[in-house]
Amino acid sequence: MSSGEGVVVARPLIGVSTYLESGARWGVWELEAALLPVGYPRLVQRAGGLAAMLPPDAPELAAEAVARLDGLVIAGGPDVEPVRYGAEREERTGPPAPDRDAWELALIDAALASGVPLLGICRGMQLLNVALGGTLVQHIDGHAEVVGVFGGHAVKPVPGSLYAGVVPEESFVPTYHHQAVDRLGEGLVPSAYAADGTVEAVELPSSDWVLGVQWHPEMGEDVRVMRALVEAAAAG
Ligand SMILES: NCCCC(=O)O
């Protein structure tokens, strides 16, 4: 990226966690594939960052990975295994993805420990809450109305929050979730709500830049949340 005066300024490197789903196959070779909806890297790129995919790896390598990043996104995906927050699995909770849980929790721990700016999206926000000792409601009605189809609803920022500094107005967001934050993790505070009182964004005031959003910015047009992460990554 050029600064406009002939000086090349490196784009912040933003790691995005990815999936290794057992059923994923690519091309005529049907090779095993690492998956990430393309909206994530595209949004990082639109926001001025350079996207790096982070498939599940040994959790003990997470700190080494995060040390090379300027920012981290924990992407959306399957339900967090309830044992991670001390609960029994309920009927409507999806099948566990223990390797992914372990890797992404280790990434979150490493980002929190090192001060690398962190954005959790949907599952990523829920996992951030769990990483800090919070719990989840395992099923709520009305937020993922049709299986496989993203919905949308309004979210209202909490005045004075980091999030409100990025998106000051009430906005309509793309959403797909059937779980939600129950008890907040240590140090987290709500930074946006849905009309029904569901916590839709959280942040960690004791950190420089940690935000979780329950919706999917990679499915919409609004680049502001990702741009704020990229700017925080550039400033770090
Ligand atoms: N629990 C995973 C994130 C999406 C959902 O709540 O359905």
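Q: Which atom of the ligand is 2.7 Å from an N or O atom in the side chain of Gln-126?

A: A polar contact is a pair of N or O atoms within 3.5 Å. In this predicted model, the partner of the Gln-126 side chain is a nitrogen atom of the ligand, at 2.7 Å. A nitrogen atom of the ligand also lies 2.6 Å from a polar side-chain atom of Asp-79. With Gln-179, a backbone N or O atom takes part, 3.0 Å from an oxygen atom of the ligand.

Q: How much of the area that the ligand exposes when taken alone does the protein bury?

A: The ligand taken alone exposes 240 Å², and 94% of that is buried by the protein.

Q: Which residues surround the ligand, and how are they divided by class?

A: The surrounding residues are Gly-77, Pro-78, Asp-79, Cys-122, Arg-123, Gln-126, Tyr-176, His-177, His-178 and Gln-179. By class, this shell has three nonpolar, five polar and two charged residues.

Q: Cys-122 is among the residues around the ligand. What is the sign of its phi, and is the residue buried or exposed?

A: Buried means under 20% relative accessible area, and exposed means over 50%. Cys-122 has a relative accessibility of 5%, so it counts as buried. Its phi is positive, about 55 degrees, although Cys-122 is not a glycine. The residue lies in the loop between E6 and helix H4 (123-131).

Q: Glu-30 is not a glycine and has a positive phi of about 55 degrees. Where is Glu-30 placed, and is it buried or exposed?

A: Glu-30 is in the loop between strand E2 (25-26) and strand E3 (31-32). The relative accessible area of Glu-30 is 56%, so this residue is exposed.

Q: Which residues of helix H1 are buried, and what covers them?

A: In H1, which spans residues 39-46, the buried residues are Tyr-40, Pro-41, Leu-43 and Val-44. They lie on the same side of H1 because they cover an arc of only 160 degrees around the axis. Their cover includes strands E1 (13-17), E4 (50-54), E5 (71-74) and E6 (118-121), together with helix H6 (224-235). After H1 comes Gly-48, with a positive phi near 95 degrees.

Q: In which strand is Val-16 found, and which residues does it touch?

A: Val-16 is found in strand E1. Its relative accessibility is 1%, so Val-16 counts as buried. Not counting residues up to four places away in sequence, Val-16 touches Leu-36, Tyr-40, Val-44, Ala-52, Met-53, Leu-54, Val-73 and Ala-75.

Methods: Residues numbered from 1 in each chain as written. Predicted model: local features only at pLDDT ≥ 70, side-chain atom pairs only at ≥ 80, totals over all residues. Heavy atoms only, no water. Near = heavy atom within 4 Å. Polar contact = N/O pair within 3.5 Å; in protein donor to acceptor, adjacent residues only side chain to side chain. Areas by Shrake-Rupley, 256 points an atom, 1.4 Å probe, with all protein chains shown as cover. Nonpolar A, V, L, I, M, F, W, Y, C, P; charged D, E, K, R; others polar. Buried < 20%, exposed > 50% of the residue type's maximum accessible area, 1.4 Å probe, protein only. Helix = DSSP H or I, 4+ residues; strand = E, 2+ residues; numbered from the N terminus. Arc of directions from axis to C-beta. Contact = heavy atoms within 4.5 Å.
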